[in-house]
Amino acid sequence: MRSNYLFTSESVSEGHPDKVADQISDAIIDLFLAKDPEARVACETMVTTQRIVISGEIRCRDTYDEELYSDTHGWAPGARDEIESVVRHTIRRIGYEQAGFHWQTASFENHLHGQSAHIAQGVDASGNKDEGAGDQGIMFGFACDETPELMPATLSYSHKILQRMAADRHSGAAPFLEPDAKSQVTLRYHEARPVAATAIVVSTQHAKGYDQGDKEAELHAYVKKVVADVLPAELLSADTVYHINPTGSFEIGGPDGDAGLTGRKIIVDTYGGAAPHGGGAFSGKDPTKVDRSAAYMARYLAKNIVAAGLATRCTIQLAYAIGVSEPLSIYVDTHGTGVVGDDALEAAIARVTKLGGLTPRGIRTHLKLNKPIYEPTAAYGHFGRQPEGDFFPWEKLDLVDDLKAAVAA
């Protein structure tokens with residue numbers, strides 16, 4: 001590992017067009033999981049000026065079943081209206097009531113249909129066959145000790161800047177803010193530890209007039225105050241460079257300014273570039289899809305390894321084949337920071353996840369993923385969040401003692 005370097009991560013707000021799409025897709029996941037914990041859903045969303053389009057595949061008891069509702073093309077009575085209501089509520093919660101994108105007046109198209117029988121036959125459990133993975137792929141998990149959340153500092157601070165701004169917008173404390181925003185944090189690392197913020201970038205959609213004169217100065221002062229509240233004081237100095245709305249005016253934003261699609265912010269969603277990515281997005285996929293559930297499991301394992309003091313930095317890769325239940329491989333890399341060999345940690349993972357713990361069903365059972373818990377994941381990152389109730393169970397640290405014992409055995 002390099003010891004001295006600059007590193008940068010970015011985040012985008014809940015009002016960014018791609019994040020609007022992610023939140024709609026995950027709101028639909030939650031809608032169907034609330035009706036049927038075994039629902040299968042793959043939902044893609046596209047948003048643009050005054051238009052919302054969803055498409056994908058569904059299998060859900062009592063809501064979409066070709067055999068039960070063949071006379072209505074698979075849909076239960078009222079289901080289409082319920083889906084549209086959920087979509088519009090999500091946009092309203094984000095805060096879009098603009099001429100170019102309004103939760104109440106934007107046109108809406110629903111192109112969801114039944115799940116492919118050929119996919120179902122490979123994934124479903126039958127006879128002596130366990131449930132298989134919903135697709136092939138590789139998934140990565142990561143943790144490091146740079147922040148209390150065991151996340152890369154650059155990404156953690158980028159998220160927190162935008163979370164604070166969104167909270168102020170919703171509360172009315174910053175009425176000049178509009179929903180669309182982006183942030184970027186560059187930190188200098190010395191001996192692999194963050195020691196200084198060299199550059200902060202914040203671009204935020206704003207009310208009319210906040211791109212000039214006293215109003216622009218007010219916006220800039222507000223952003224710098226948020227940064228000062230979020231980043232540790234020792235990282236900021238007179239040498240920190242700020243780029244606030246560097247292009248100038250940012251009144252037109254969100255889906256009106258740029259089309260949004262589900263799954264286009266996979267690095268923002270994960271580790272800000274500090275770890276590899278398998279390429280699969282999360283939002284819009286029910287937890288039978290290992291793109292999502294196995295990535296959550298890999299984060300869970302990596303975080304518990306770092307929390308157990310077995311490494312200060314840990315990357316885990318899991319690999320799956322469609323229709324096959326057990327992972328094809330488990331790979332651990334502690335980047336030279338492990339107190340035991342990486343092969344010993346691989347063996348420890350196998351011990352603590354015995355009895356199918358890394359199969360698609362085993363992951364969902366252990367982490368209790370068959371619940372409507374996904375819409376909150378779709379903005380400000382899937383990792384590094386506070387586990388509360390049913391939400392973000394992959395952030396729990398309940399494997400620490402088991403991993404220590406497994407390594408010592």
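Guide: A cavity is a set of grid points where a 1.4 Å probe fits but cannot get out, and its lining residues have an atom within 4 Å of a point. The structure discussed here is a predicted model.

Visitor: How many cavities of 30 Å³ or more does the structure hold?

Guide: There are 3 cavities at or above that volume. The largest encloses about 80 Å³, and the second largest about 70 Å³.

Visitor: Which residues line the second largest cavity?

Guide: Its lining consists of Ser-13, Glu-14, Leu-162, Met-165, Ala-166, Arg-169, Leu-177, Glu-178, Pro-179, Ala-181, Thr-204 and Tyr-380. Two or more of these residues come from each of H4 and strand S8 (177-190). Sorted by class, the lining has 7 nonpolar, 2 polar and 3 charged residues.

Visitor: Which residues lie nearest the centre of the largest cavity?

Guide: Of the 13 residues in that lining, Phe-140, His-277, Gly-278, Phe-282 and Ala-295 are nearest the centre. Strand S7 (137-144) and helix H8 (290-307) each provide at least two lining residues, and S7 contributes the most, with 3. The classes here are 7 nonpolar, 5 polar and 1 charged.

Visitor: Let us turn to helix packing. What describes two packed helices?

Guide: Two packed helices are described by the angle between their axes and by the distance between those axes. In this structure, helix H4 (residues 153-171) and H5 have axes that come within 9 Å and cross at roughly 125°. The two helices are therefore oblique to each other, and their crossing is right-handed.

Visitor: Which residues of H4 and H5 meet?

Guide: From H4, the residues are Tyr-157, Lys-160, Ile-161, Arg-164, Met-165 and Asp-168; they meet Tyr-222, Val-226, Val-227, Asp-229 and Val-230 in H5. This contact comprises 7 nonpolar, no polar and 4 charged residues. Met-165 also appears in the lining of the second largest cavity.

Visitor: At what angle do H9 and H11 pack?

Guide: Helix H9 (residues 342-352) and helix H11 (residues 400-408) pack at about 120°, with their axes 9 Å apart. That angle makes H9 oblique to H11. H9 passes H11 in a right-handed crossing. Leu-345, Ala-348, Arg-351 and Val-352 in H9 face contacts with Asp-402, Leu-403, Ala-406 and Val-407 in H11. The residues of this contact are 6 nonpolar, no polar and 2 charged.

Visitor: Where is Ala-207 found, and what does it touch?

Guide: Ala-207 is in the loop between strand S9 (193-206) and helix H5 (213-230). Leaving aside residues up to four places away in sequence, Ala-207 touches Phe-176, Glu-178 and Glu-251. Glu-178 is also one of the residues that line the second largest cavity.

Terms used
Residues numbered from 1 in each chain as written. Predicted model: local features only at pLDDT ≥ 70, side-chain atom pairs only at ≥ 80, totals over all residues. Heavy atoms only, no water. Helix = DSSP H or I, 4+ residues; strand = E, 2+ residues; numbered from the N terminus. Contact = heavy atoms within 4.5 Å. Axes fitted to C-alpha atoms, helices over the stretch in contact; angles between N-to-C directions. Parallel < 35°, antiparallel > 145°, perpendicular 65-115°, else oblique. Left-handed = near helix turned anticlockwise from the far one by under 90°. Nonpolar A, V, L, I, M, F, W, Y, C, P; charged D, E, K, R; others polar. 1 Å grid on protein atoms, 1.4 Å probe; cavity = no way out; pocket = protein on both sides within 12 Å on 5 of 7 lines; lining within 4 Å. Points joined across faces, edges and corners; volume = space filled by probe spheres on them.
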